[in-house]
Amino acid sequence: MTIRIAVIGAGTAGSGAARRAVELGASVTLIERDAPASGSSGRSAAIYNVQTVDPLHIELRMRARELFFRLEAEHGLPLKRIGNVRVAWSDADLERLEAVNQVQRELGLGPEDALLINREELQQLVPDLDTTDLAGGLFGPRDGTVNGEIMCQALVTEAVELGAVYKKAEILGHVRQDDGTHLLSTSDGHVVADVVINAAGAWAGIVGDMLGHPVPVLPQVHDIVKVTLEKPLSYTVPMVNLYMPGSDEEALYFRQFDETTLLAGFHTYKVVEGHPIADPNNFRGEVEPSYVAAVQEAITERFHVPGMTAHAGWTGLYPCTADEEFIIGPEPGDNSVITCTGLGGVGVTSGAIAGYSAAEWAVTGQPTTVPGATRWLPGRKSLKGTTK
Ligand SMILES: Cc1cc2nc3c(=O)[nH]c(=O)nc-3n(C[C@H](O)[C@H](O)[C@H](O)COP(=O)(O)OP(=O)(O)OC[C@H]3O[C@@H](n4cnc5c(N)ncnc54)[C@H](O)[C@@H]3O)c2cc1C
């Protein structure tokens, strides 16, 4: 019998999950209360890259990038290959990135995807960057930006073409029926499913409570700042990310947005002070002036272009977790509820393939596109005590 899967949320995770589940032969209903990417996926800085330190994350991002390149070719998904550099602050950082680059080679990435650069090369890449206290970085020439809305819409379109039903409705309640199936009540009638995938991002906690499987996702408010340039630069500013995973401090990032604007902010994988955990239905929509001022100060110190002015951009939510890791897989003791969230500040890069993994759990009982995704199972000890 064909398995009926209800996917909740059409961000990167849910759109990917629906696309993959229908490809695997499931009967899929994708339920989204607003529009694809209307949550965090449409409020990001839109960066995709493979320059991270953990081999499993590199592999997941590689698969995601392959998907983006296919969607670019087949659906005209707009990708801007502006490049992405993860900056090394010290020789120790550079050594760490060198080891990462070795892993990238073993996973099949060539120098067109990832190469180690020294301080001089970093300076050539970003001529106005103050590199005096930096050691170099890991640079991805084919990394860049992806439009989250168009990516989610392309995945939804493909899912629907393959037979999925897209339902614009809000999940309001849930009952487990005597035969074990799930009865979801929505703002537009009921949906019955054998398996539910909770891909509601920062709202996965609320949806998880309805499903009887609380999800310890921490919705962390993040802001984006626009930095206006007095005149266009003679080069495109790649994504410059000064955050080293593992660091307790958040760090500046910035990238070209349009001819005379950069996007900037502070990035971290952690739940840090200054980025409040919010009620996802009621978080501040305004960027705080103190944040704009902090970005202005940090970028002026680091990027020596005269006359830059920082302005409020927009806010959104990182769906974070206490252990800084994704949550993907069946809930403990219940294979019929699959959670897919916790994508933090990297869900545009990683979400679609996180969703693929959730769909694979739902249909085949294990993740296959990225087999190591078994690491992200719900219910693990490091998430305990953080349900919100
Ligand atoms: C300021 C900012 C900058 C970022 N920059 C980047 C970046 O440069 N690169 C990167 O990779 N990542 C970035 N991210 C992170 C990325 O945006 C998120 O990790 C990712 O979008 C999460 O995707 P998701 O599918 O899990 O959640 P979402 O995109 O939030 O999707 C969840 C969906 O569920 C729906 N939903 C919720 N409740 C219900 C309900 N009851 N019924 C029906 N539908 C429901 C919502 O409407 C929403 O569409 C950034 C995030 C922010 C906020």
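**Strand β16 and the ligand shell**

I begin with a single pairing: Asp 258 has Thr 261, in β17, as its bridge partner. Please bear in mind throughout that this is a predicted model.

That pair belongs to a wider arrangement. Strand β16, residues 251-258, and strand β17, residues 261-267, are antiparallel and are paired over seven bridges. The connection between β16 and β17 is a hairpin of two residues.

β16 also pairs with strand β15, residues 239-241; here two bridges join the strands, which again run antiparallel. Within this pairing, Val 240 is found opposite Phe 254 of β16.

Is β16 enclosed or open? Six of its eight residues are buried, so the strand is largely enclosed by the rest of the structure. The working criterion is that a residue counts as buried if 20 or more other C-beta atoms lie within 10 Å of its own.

I turn now to the ligand. Its shell comprises 43 residues, and the closest are Gly 9, Gly 11, Gly 39, Gly 201 and Gly 347. The elements that contribute two or more residues to this shell are α1 (12-23), β2 (27-32), β14 (218-228), β18 (309-320) and α8 (347-364). By residue class, the shell divides into 20 nonpolar, 18 polar and five charged residues.

Where does the ligand lie with respect to domain 1 and domain 2? Domain 1 consists of 4-42, 148-215 and 323-383, and domain 2 of 82-145 and 219-320. Both domains give residues to the shell, and therefore the ligand lies between them.

How values were computed. Residues numbered from 1 in each chain as written. Predicted model: local features only at pLDDT ≥ 70, side-chain atom pairs only at ≥ 80, totals over all residues. Buried ≥ 20, exposed ≤ 12 C-beta atoms within 10 Å, placed from the backbone. Helix = DSSP H or I, 4+ residues; strand = E, 2+ residues; numbered from the N terminus. Pairing = 2+ DSSP bridges. Near = placed C-beta within 6 Å. Nonpolar A, V, L, I, M, F, W, Y, C, P; charged D, E, K, R; others polar. Domains from an automatic or database assignment.
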